[in-house]
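Visitor: I would like a close look at one part of this protein, please. Could you walk me through the place where two of its domains meet?

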Amino acid sequence: PLMIITQKITTLACQLHDGIGRQAEELTAEQNRLAVKTRPSLLEYLSYLLNFMSIIAGPCSNYKDYIAFIEGRHVHMKLLEVNWKQKGYDRLPDPSPTGAVMYKLCITLVSLILFLTLTKNFPMAYIIDNEFLDKTPFLSRLGYLYVVTQAAKPKYYFAWTLADAVNNAAGYGFSGVDERGAFRWDLLSNLNIWNIETATSFKMYIENWNIQTAAWLKRVCYDRAPWYPTALTFILSALWHGIYPGYYFTFLTGILITLAARAIRNNCRRYFLSSVPLKIAYDVVTWLVTQLAVCYTVAPFVMLAVEPTIKFYKSMYFHMHILSILVLLVLPVRSQAHSIRKPQNQAVQNSVKSK
């Protein structure tokens, strides 16, 4: 709960700063859309922080979205973004969250069953067991690392999907209509399981895991950091999680692997787009490397302490650290674009000048 309240307080603080303390031309399009131009009352502030739907496990939402929900405007606002007359409607439809809630409750049930069975049978601690390390070859240890990491995921799938379903059941979380005309209830979704399990890049994996926290980190740190936004965002994430050393091993390793993966993608990917077989081969290899890189990175997050983390990385010969450093030394690294944080008026001016 303290982690979620930290997200909410800093989110509202930044959005109030954008709405009251900065000029509109200094903001990006997203910052301008989310800016809060009026100080909330004490009741509104406490309601946003402590509402029963998200006090335990979140997710954190934007203040303007929450107030629109409380005032009964949340669904109506999203519906007005669609031209319903063209779709044959003579009035606005009334989307129901029942289907989305039932679907998400099914996911939580499956996740709970998997957690209660898999996690006990495949404990993370076994990967640093002396007998296991002595008798198991390196490639087999890598395979087992993938299995135990998969076994650790269902508890997160359970908690985040249940939290999402709770908000939907209260009528909160409607995000509009997709290209097929179906109602979407994923405004507050914290994960996309399919995209996680099929991710072919470290970036794609991170963007679909703990989505609302990633959005929070982007809005309060990445978009506002004057230098090294990737590194500062990972460091903030480690500080936000707590004081266990394993968190810092995970997120500092994540900086290296993210930068290395970006360098490989920028320099190599275009050579594999010329034919379908090459693209398929590229996707298969990048999927395998991404999944193993994630497992290597998050193991300390689960083990928490220093000694098991060092023992684990020694057993893995620090291979991902070494490969990442070699990639960054060998491949040219493009300077990280800050265009996403340019004020919208400045971006328009630059576009006009270039034309």
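Which residue forms a salt bridge with Asp 18, and how far apart are the closest N and O atoms?

Guide: Happy to! Please keep in mind that this is a predicted model. The partner of Asp 18 is Arg 224, and their closest N and O atoms are 2.7 Å apart. Asp 18 falls in domain 1 (1-82) and Arg 224 in domain 3 (199-333), going by the domain assignment, which also gives a domain 2 (96-170). In total, three salt bridges are counted between domain 1 and domain 3, and the interface has eight residue pairs in polar contact, with both residues at pLDDT 80 or more.

Let us turn to the domain 1 side. Two elements each give two or more residues to the side that touches domain 3: helix H1 (2-21) and helix H2 (29-34). H1 provides the largest share, seven residues. Sorted by class, this side of domain 1 holds five nonpolar, six polar and four charged residues.

Now for the interface as a whole. The C-alpha centres of domain 1 and domain 3 are 30 Å apart, and the contact draws 15 residues from domain 1 and ten from domain 3. About 1,100 Å² is buried between these two domains, with carbon and sulfur atoms giving 49% of that area. On the domain 1 side, Met 3, Gln 7 and Glu 30 together supply 43% of the area buried against domain 3, more than any other three residues.

Note on methods
Residues are numbered from 1 along each chain as its sequence is written. This is a predicted model: local features need pLDDT of at least 70, side-chain atom pairs count only at pLDDT 80 or more; totals for chains, interfaces and linings use all residues. Side-chain values use heavy atoms; hydrogens and water are left out. Domain bounds come from an automatic or database domain assignment. Contact means heavy atoms within 4.5 Å. Buried area is the accessible area (1.4 Å probe) that two parts lose on being put together, summed over both. A salt bridge is a side-chain nitrogen of Lys or Arg within 4 Å of a carboxyl oxygen of Asp or Glu. A polar contact is a pair of N or O atoms within 3.5 Å; within protein, one must be able to donate a hydrogen and the other to accept it, and residues adjacent in sequence count only if both atoms are side-chain atoms. Helices (H or I, at least four residues) and strands (E, at least two) are DSSP runs, numbered from the N terminus. Ala, Val, Leu, Ile, Met, Phe, Trp, Tyr, Cys and Pro count as nonpolar, Asp, Glu, Lys and Arg as charged, and the others, Gly among them, as polar.
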